[in-house]
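The exercises below ask you to read a protein model step by step, from the whole chain down to single residues. Try each task with the structure in front of you before you turn to its solution.

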Amino acid sequence: MGNKLLNIKIQNYINANLNTDLPTLLLKKSPFPEVSMHEIVQQIKGKQVAQKKFPFLLKEGIIFPPQLNLEQSSSEKTAIYKSKLLKGEKFIDFTTGFGIDAYYLSENFKQITLVEQNPDLLEIVKNNWEVLGKNATFINQKLESFLKENKEVFDVIYLDPARRDNNKNKVFLLEDLSPDILAIQEELLSSADKIVIKLSPLIDLKYLVSVLPSIFRIDIIAVKNDVKEIVIFLSKEKKDFISCYCVNLESNEPVFQFTFGEEENGHATYGEPEKYIYIPNNTVLKAGIFNLISEKTGLKKLHPNTHLYTSDALMQDFPGRIFEMENIDAKKIQKKSQYNVISKNYPLKPEEIKKKYSLKDGGEKYLIFTQSKKGKIILKSV
């Protein structure tokens, strides 16, 4: 498939149709007898995805995999972040897939091994790495088979398990993934100093800690406040605590670090809204460290169930958005005025609020409908 798709005439046709309606294009007959229209559209989709997700692949000679592999691949942004955390002599990716993570994570290693059970996918990765001028040992084998035969010890093993079952439904628990992380964790730990595993952003952190005694680090990674992945680090060396990092890439927000379990003993200070209102980003919300944020930053929390914080003096180094706001009475909200509406621990959803007060959506001003310990309040940006 690869060599045929790289024909200059086929590549020109692909590039000429990057903005064409793909469902309409699929109904047409391929102008090239050696490749199907489905294969052509697959490459167009790949280039479209690459423009936002991994632009480093927008080069001549690159081949793109099927849609599912594109969806499961990490973005260039998250891969670059993870690459800065790893270095050593020998790196191996046991679930190479389309190879985005492997390309970046292996930058600080001398020996790179890529294992992938899908031969067609591995051929695509091999072609692309040759185009990009990067070397690796490519192995077409199931992870479990490789582990049984392997005698080598690596500095880092990386895995991005498949998160769909045989019926293509999404799964999240470690024992339901492919490979089953719980079943092979001992073999993994005997084959490397450090294991790094990418997981769904929906997975529960307490569950992870309960089933993986060797875990020593958890990174919650978002891009522009959209949580993309949970990355866990395992080691055969026993650690005294688990370090956790809330990371919001493509923002000016700081990384928020804490130790797993701190929230259980964290104590929030409560207060009524002051000059500044702070909304934690989604990595902090995913971590569930609502009391710890108050304790570590010195900010006051509005209510036990309202994850908003306040202060009279500006604290710029906060992992989330900051607004200068004032309390207003509902009667002072003018009909047909334009606001971004936020609802936190409030009976009505933003759409219901906009309908009730006849508000237009958008603009630069904000209204926050929420609760403090004294009751329901409305805040307006200054």
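**Exercise 1. The whole chain**

Task: Describe the overall make-up of the protein chain, including how many helices and strands there are and what share of the residues counts as buried.

Solution: Keep in mind from the start that this is a predicted model. Begin with the secondary structure, where the protein chain shows 14 helices and 17 strands. Then turn to the dimensions, for the C-alpha trace spans about 70 × 55 × 35 Å along its principal axes. Next comes burial: of the 382 residues, 51% count as buried. Finally, look at the contacts with a separation of 6 or more, of which 65% are made by residues 24 or more positions apart.

**Exercise 2. The nonpolar cores**

Task: Find how many residues the largest nonpolar core has and which of them have the most contacts inside it, and then list what Leu159 touches.

Solution: The general background is that nonpolar side chains tend to be buried together in soluble globular proteins. In this model the largest nonpolar core has 49 residues, and those with the most contacts inside it are Phe94, Leu159, Leu208 and Ile232. Another core lies apart from it, with 48 residues that include Ile63, Leu86, Phe98 and Val196. Taking Leu159 as the example, and leaving out residues up to four places away in sequence, we find that Leu159 touches Phe94, Thr95, Leu143, Pro179, Ile181, Ile184, Leu188, Ile195, Val196, Ile197 and Lys198.

**Exercise 3. A cavity and a pocket**

Task: State the volume of the largest cavity and of the second largest pocket, and set out by class which residues line each of them.

Solution: Start with the cavity, since the count comes to one cavity of 30 Å³ or more, and the largest cavity has a volume of about 50 Å³. The largest cavity is lined by Phe56, Leu57, Phe98, Gly99, Ile100, Tyr103, Asn128, Trp129 and Leu132. Sorted by class, this lining has seven nonpolar, two polar and no charged residues. Helices α7 (100-105) and α8 (119-132) each supply at least two residues of the lining, and the largest share, three residues, comes from α8.

Now consider the second largest pocket, which holds about 220 Å³ of space. Of the 14 residues that line this pocket, Lys206, Phe260, Glu263, Ala287 and Gly288 are the closest to its centre. By class, the lining of the second largest pocket has six nonpolar, two polar and six charged residues. Helices α11 (205-211) and α12 (282-287) each contribute at least two residues to this lining.

**Exercise 4. Backbone geometry**

Task: Locate the cis peptide bond, and then examine the phi values of Lys336 and Ser358.

Solution: As background, most residues other than glycine have a negative phi, and most peptide bonds are trans. The cis bond joins Ser178 and Pro179, with omega about 5°, and Pro179 is placed in the loop between β4 (154-159) and α10 (181-191). Lys336 has a positive phi near 70° although this residue is not a glycine, and Lys336 belongs to the loop between β14 (320-327) and β15 (338-343). Ser358 is not a glycine either, and its phi is positive at about 55°; this residue sits in the loop between α14 (350-356) and β16 (360-372).

**Exercise 5. Buried or exposed?**

Task: Decide for Asp101, Ala162, Ser358 and Lys336 whether each is buried, partly exposed or exposed, and give the contacts of Asp101 and Ala162.

Solution: The cut-offs are under 20% relative accessible area for buried and over 50% for exposed, with partly exposed in between.

- Asp101, in helix α7, counts as buried because its relative accessibility is 6%. Not counting residues up to four places away in sequence, Asp101 touches Ser74, Ala79, Lys82, Ser106, Tyr158 and Lys198.
- Ala162, in the loop between β4 and α10, has a relative accessible area of 29% and is therefore partly exposed. Neighbours within four places aside, Ala162 is in contact with Leu177 and Ser178.
- Ser358 has a relative accessible area of 25%, so Ser358 is partly exposed.
- Lys336 has a relative accessible area of 59%, so Lys336 is exposed.

Technical notes
Residues are numbered from 1 along each chain as its sequence is written. This is a predicted model: local features need pLDDT of at least 70, side-chain atom pairs count only at pLDDT 80 or more; totals for chains, interfaces and linings use all residues. Side-chain values use heavy atoms; hydrogens and water are left out. On a 1 Å grid over the protein atoms alone, a cavity is a set of points where a 1.4 Å probe fits but cannot get out, and a pocket is an open set with protein on both sides within 12 Å along at least five of seven lines; lining residues have an atom within 4 Å of a point. Grid points are joined across faces, edges and corners, and a volume is the space filled by probe spheres set on the points. Helices (H or I, at least four residues) and strands (E, at least two) are DSSP runs, numbered from the N terminus. Ala, Val, Leu, Ile, Met, Phe, Trp, Tyr, Cys and Pro count as nonpolar, Asp, Glu, Lys and Arg as charged, and the others, Gly among them, as polar. A nonpolar core is a set of buried Ala, Val, Leu, Ile, Met, Phe, Trp, Tyr and Cys residues joined through side-chain atoms within 4.5 Å. Buried means under 20% relative accessible area, exposed over 50%, partly exposed in between (1.4 Å probe, protein chains only). Contact means heavy atoms within 4.5 Å.
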